[in-house]
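Work through the exercises below with the sequence and the model side by side. Try each task before reading its solution.

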Amino acid sequence: MLTFYTAGESHGRGIFAFLDGIPAGLEISKEAVDNDLARRQMGYGRGGRMKIEKDKVDVLSGIRGGITLGSPVLLAVWNVDFENWKSFMDPFSIIPGKELYTPRPGHADLSGAIRFGHKDLRNVLERSSARETAGRVAAGGFLRCLLKVLGIEVYGFVTGIGKARFDGEFDIMKRDASSVFCPDPAASEEMEKEIEKAIKDGDTLGGNFRIEVTGLPAGIGSSAQWDKRLDTMISAFMMSIPAIKAVQIGKGTLSGEMRGSVLHDEIYAGGKRGTNNAGGIEGGISNGENIIVTCTMKPIPTLIKGLNSIDIRSGAEVKAQYERSDYCAVPAASVAGEAMMIIAIARAILNDYGQANIDELKYAFDEHRRRSILR
C-alpha cells in the first residue's frame with residue numbers, strides 16, 4: 001500500500017512529503033515535479049508570498065541517480081520566507097511579536113485551538129495554512145511519473161470563479177495560456193474581472209475546478225468493502241484540500257434531477273459508453289471511461305477588512321486580524337487537486353497491483369488492461 005504524509009509549517013524551514021510503497025526502478029523527472037510546483041504558485045489573485053517563494057523539490061531520500069530505490073521517499077520544499085521568520089519559528093527559542101489571538105472566521109484558528117489547547121493561534125494556522133499543499137504537489141508530481149509509465153494522465157482546469165463559468169472542453173495549451181487556468185479566453189477574462197472586483201472591495205472569491213483522468217482501465221477499485229471503493233478514496237483525497245467544500249463525481253448533484261433512463265450510461269459493443277454521466281466510476285470501480293471530478297472551493301477566509309471575531313484572551317468582540325493571503329486561489333487549488341487525484345489513483349493501483357519493481361508493476365498492470373477490454 002502507498003503511504004503518504006506531509007509535515008512542516010507555513011513559515012517553518014519547509015514543507016515535507018513522505019512516500020512509501022513506490023516500486024524500485026521508476027525514473028523520476030525533477031523537471032516535471034518542479035513544473036507542478038511552479039504552476040501551484042501561479043494564478044490571478046495570488047498574494048505577496050508567491051513573490052518570495054520559488055518552489056523547487058529537494059529529494060532527501062529514496063532516489064539515486066534519478067531512479068527510485070524501493071525505500072521510503074522524503075521530499076522537501078524549502079521555505080525562503082523562513083529567513084524572515086526564524087526568530088519567531090525556531091523549534092526551541094522564539095521571540096514575541098507574531099502571536100495571534102483573534103481567530104479568523106472560516107479558518108481552523110479557533111476550532112484548532114480548542115482541539116489542541118493552544119493559547120497562541122499561530123500554532124494552529126502555521127500547519128493548517130494552504131502552504132502545506134506544496135508538499136502534496138511535490139508528491140503528486142513525483143507520482144505523475146509512475147502513472148505516466150502506466151499510460152495514465154491527470155489534468156485539471158478551472159470551471160468557475162465567482163459568477164463566471166466555463167463548461168467547455170479541455171485544451172492544455174489554452175489552459176496554460178490563461179491567468180486563471182481556464183481553457184477559454186472569454187471565460188478567463190470574465191473570471192479576472194470577478195477577481196478584480198473582489199480585490200477592489202477587499203474581499204475574496206472561491207470557485208470550481210475539474211480534474212480528469214485518462215487512460216485508467218476498467219476494474220480499478222472494489223465494491224467489496226467501503227474503504228476500497230475508488231470513489232471513496234478520490235472523494236476523501238479531494239475533500240482534504242484546504243477550503244474545498246464539495247466534491248462531485250460525474251454529473252454530481254445534477255444526478256438527482258435526472259431520470260434513470262437519461263442518467264445511466266448505456267453499454268454498447270466492446271463495453272463502450274455513449275455518455276459518461278457516472279464520471280468513470282460505477283459501484284466504486286473504474287468503468288474504463290475518463291474519471292471526472294468537480295470540486296468547489298470556498299472564498300479564502302482571510303479578509304483585509306476583517307470579519308467579526310473575539311479576542312480569545314478576554315472574550316471581547318473585535319475584528320479578525322489580517323494575515324498576508326490571496327484574494328483567489330482557485331487556480332492553485334486545481335493544481336493541488338491534480339496532485340491529490342494522482343496520489344489517490346496511484347494508491348488504488350498499488351493496492352491492487354503492488355510490486356517491488358516498476359517493470360513487474362507495469363507487466364501486471366498491462367495484463368489487467370488487456371483483460372479489461374471486452375472483445
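**Exercise 1. Find the bridge partner of Asp 58 in strand 6.**

Solution. Ala 76 in strand 6 is the bridge partner of Asp 58. Strand 3 and strand 6 (residues 73-78) pair in the antiparallel sense, over three bridges. Two strands pair if DSSP finds at least two bridges between them. Helices (H or I, at least four residues) and strands (E, at least two) are DSSP runs, numbered from the N terminus.

A note on the source: this is a predicted model, in which local features need pLDDT of at least 70, side-chain atom pairs count only at pLDDT 80 or more, and totals for chains, interfaces and linings use all residues. Residues are numbered from 1 along each chain as its sequence is written, and side-chain values use heavy atoms, with hydrogens and water left out.

**Exercise 2. Place strand 3 in its sheet, and name the edges.**

Solution. Start with the order. Four strands form an open sheet, 1-2-6-3, with antiparallel pairing. Strand 1 (3-8) and strand 3 (58-61) each have a single partner strand, so one side of each has no neighbour in the sheet. Next, take the twist. Neighbouring strands of this sheet are turned by 20° against each other on average, direction ignored. Axes are lines fitted to C-alpha atoms, for helices over the stretch in contact, and angles run from 0 to 180 degrees between N-to-C directions.

**Exercise 3. Which helix lies across strand 1, strand 2 and strand 6? Then describe Ala 138 in that helix.**

Solution. Helix 6 (residues 133-149) lies across these strands, and runs at about 40° to strand 2 (14-20). Ala 138 is found in helix 6. At 1% relative accessibility, Ala 138 counts as buried. Buried means under 20% relative accessible area, exposed over 50%, partly exposed in between (1.4 Å probe, protein chains only). Now list the contacts (heavy atoms within 4.5 Å). Ala 138 touches Val 33, Leu 37, Val 57, Leu 75 and Val 77, leaving aside residues up to four places away in sequence. Ala 138 and Ala 32 are 106 residues apart in sequence, but their C-alpha atoms are 9.5 Å apart in space.

**Exercise 4. Trace strand 7 and its partners in the five-stranded sheet.**

Solution. Five strands form an open sheet in the order 8-7-9-13-10, and the pairing is antiparallel. Strand 8 (164-165) and strand 10 (244-249) are the edge strands, each pairing on one side only.

- Strand 7 (residues 153-161) is joined to strand 9 (residues 207-214) by eight bridges.
- Val 154 stands opposite Val 213, and Gly 160 opposite Asn 208.
- Two bridges join strand 7 to strand 8; Ala 164 is the partner of Ile 161.
- In the hairpin of strand 7 and strand 8, two residues lie between the strands, and Gly 162 takes a positive phi near 60°.

Last, check the cover. Eight of the nine residues of strand 7 are buried. Helix 8 (residues 185-200) lies across strand 7 and strand 8, at about 55° to strand 7. Helix 11 lies across strand 7, strand 9 and strand 13 (291-297), at about 35° to strand 9.

**Exercise 5. Which helix gives the most residues to the largest nonpolar core?**

Solution. First, the term. A nonpolar core is a set of buried Ala, Val, Leu, Ile, Met, Phe, Trp, Tyr and Cys residues joined through side-chain atoms within 4.5 Å. The largest one has 81 residues; Leu 19, Ile 234, Met 238, Met 341 and Ile 349 touch the most other members. Helix 11 gives the most to this core, with 16 residues. Met 341 has contacts that include Val 154, Val 213 and Val 293.

**Exercise 6. At what angle do helix 11 and helix 12 pack?**

Solution. Helix 11 (residues 330-353) and helix 12 (residues 358-372) pack at about 95°, with their axes 11 Å apart. Helix 11 and helix 12 are therefore roughly perpendicular. Angles under 35 degrees count as roughly parallel, over 145 as roughly antiparallel, 65 to 115 as roughly perpendicular and the rest as oblique. From helix 11, Ile 349, Leu 350 and Tyr 353 meet Leu 361, Ala 364, Phe 365, His 368 and Arg 371 in helix 12.
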